[in-house]
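Got the structure open in your viewer? Here is a short tour: select what each stop asks for, then read what is there.

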Amino acid sequence: MTDDEATAAAVTDGTTTDGTTTDDAVADDAVISLLVVDDHPVVRDGLRGMFESAPGFRVLGEAAGGAEALQRAAALDPDVILMDLRMPGGSGVDAIRELTRRGARAKVLVLTTYDTDSDTLPAIEAGATGYLLKDAPRDDLFTAVRAAAQGRTVLSPAVASRLVSAVRAPRTPGGEPLSAREREVLALVARGTSNKEIARELFISEATVKTHLTHLYAKLRVNDRAAAVATAYDRGILG
């Protein structure tokens, strides 16, 4: 298997239905310019050093949050933005959504620690070109950036699997599916996790956990946690 094949579980070539390539795709032999967005200075320094030591890449700048990323992207016009998601200085998903709204030329490649449905689906829906986890090998990251610059979609195997599962997620008898967050809460309930622990793990309040439980109880037509888990297993919502 080549490096390109090993980079991700899903890569599309960025061509339109008539066979033409997207107008803003970067040529194969061009130097790819980058903007690195992450709230951790050590991570930014590491990524800058990694790309600047490799031929074919040029790091134009860095940002520590989503709001700063929008400013830097407008000023620097990079080919690819490496975007973390959860940052104190503004959500990566919000930044991706705004870049898409503005029609920014840059392709956004998410590079994060998180691969839950509540992270992957919103990022892809917001307009991210690809999604990799921070444990991706160096060469795979280089390949992914080149692919993103050329307008191809690149997903890590774990993320591709989650997206496929979300698309194929069974619907409740009433036709209304559980949301990605509701499925996450339900999976944690099935493991015996308390509301407080669920809130801590998902970075939400206990009140929000209770709201999700109320909604999924209604969709599953049950009244308590045990019945919700049993019904979910019976219907194939939980594996």
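Start by selecting arginine 97 and aspartate 94, in a model that is predicted. Both sit in helix H4, which covers residues 92-102, and because they are 3 residues apart, about one helical turn separates them. An α-helix has 3.6 residues a turn, so residues three or four places apart point the same way. Now show the side chains: arginine 97 and aspartate 94 meet in a salt bridge, at 3.1 Å from N to O. Arginine 97 is partly exposed, with a relative accessible area of 42%, and aspartate 94 is partly exposed too, at 46%.

Stay in H4 and pick glutamate 98 and arginine 101. They are another pair set 3 residues apart, with about one helical turn between them. Their side chains form a salt bridge at 2.6 Å, N to O. Is arginine 101 buried or exposed? With a relative accessible area of 63%, arginine 101 is exposed, since the cut-off for that word is over 50%.

Next, jump to helix H8, residues 180-190, and select arginine 181 and glutamate 184, which are 3 residues apart and so about one helical turn from each other. A salt bridge joins their side chains here, at 3.0 Å from N to O. Both arginine 181 and glutamate 184 are buried. For a network, select Arg44, Arg48, Glu52 and Glu62: salt bridges with shared partners join them into one. How many salt bridges does the structure hold? The count is 13.

Time for some rings. There are 4 aromatic pairs to find. For one of them, select tyrosine 114 and phenylalanine 203: the ring centres are 6.5 Å apart and the planes are at 85 degrees, so this pair is edge-to-face. The two rings come from distant parts of the chain, 89 residues apart. Tyrosine 114 is in the loop between strand S5 (107-112) and H5, while phenylalanine 203 is in the loop between helix H9 (195-202) and helix H10 (206-220). Tyrosine 114 counts as partly exposed, at 28% relative accessibility, and phenylalanine 203 is exposed, with a relative accessible area of 58%.

Keep tyrosine 114 on screen and add arginine 86. Arginine 86 lies over the face of that tyrosine, 3.7 Å from the ring centre. Then look up Phe51, Phe57 and Phe142, which ring pairs link into a cluster.

From the loop that holds phenylalanine 203, highlight the helices on either side, H9 and H10. How do they pack? Their axes are 8 Å apart and at an angle of about 105 degrees, and H9 and H10 are therefore roughly perpendicular to each other. To see where they touch, show Asn195, Lys196, Ile198 and Ala199 in H9, which meet Glu206, Val209, Lys210 and Leu213 in H10.

Last stop: helix H5, residues 117-126. Here 7 of the 10 residues are buried, so the helix is largely enclosed by the rest of the structure. Which residues of H5 are buried? Select Asp117, Ser118, Asp119, Thr120, Leu121, Ala123 and Ala126 to see them. Then step just past the end of H5 to glycine 127, where phi is positive, at about 125 degrees.

Technical notes: Residues numbered from 1 in each chain as written. Predicted model: local features only at pLDDT ≥ 70, side-chain atom pairs only at ≥ 80, totals over all residues. Heavy atoms only, no water. Buried < 20%, exposed > 50% of the residue type's maximum accessible area, 1.4 Å probe, protein only. Helix = DSSP H or I, 4+ residues; strand = E, 2+ residues; numbered from the N terminus. Salt bridge = Lys/Arg side-chain N within 4 Å of Asp/Glu carboxyl O. Phe/Tyr/Trp six-rings, centres within 6.5 Å; stacked < 30°, edge-to-face > 60°. Lys NZ or Arg CZ within 6 Å of the ring centre and 35° of its normal. Axes fitted to C-alpha atoms, helices over the stretch in contact; angles between N-to-C directions. Parallel < 35°, antiparallel > 145°, perpendicular 65-115°, else oblique. Contact = heavy atoms within 4.5 Å.
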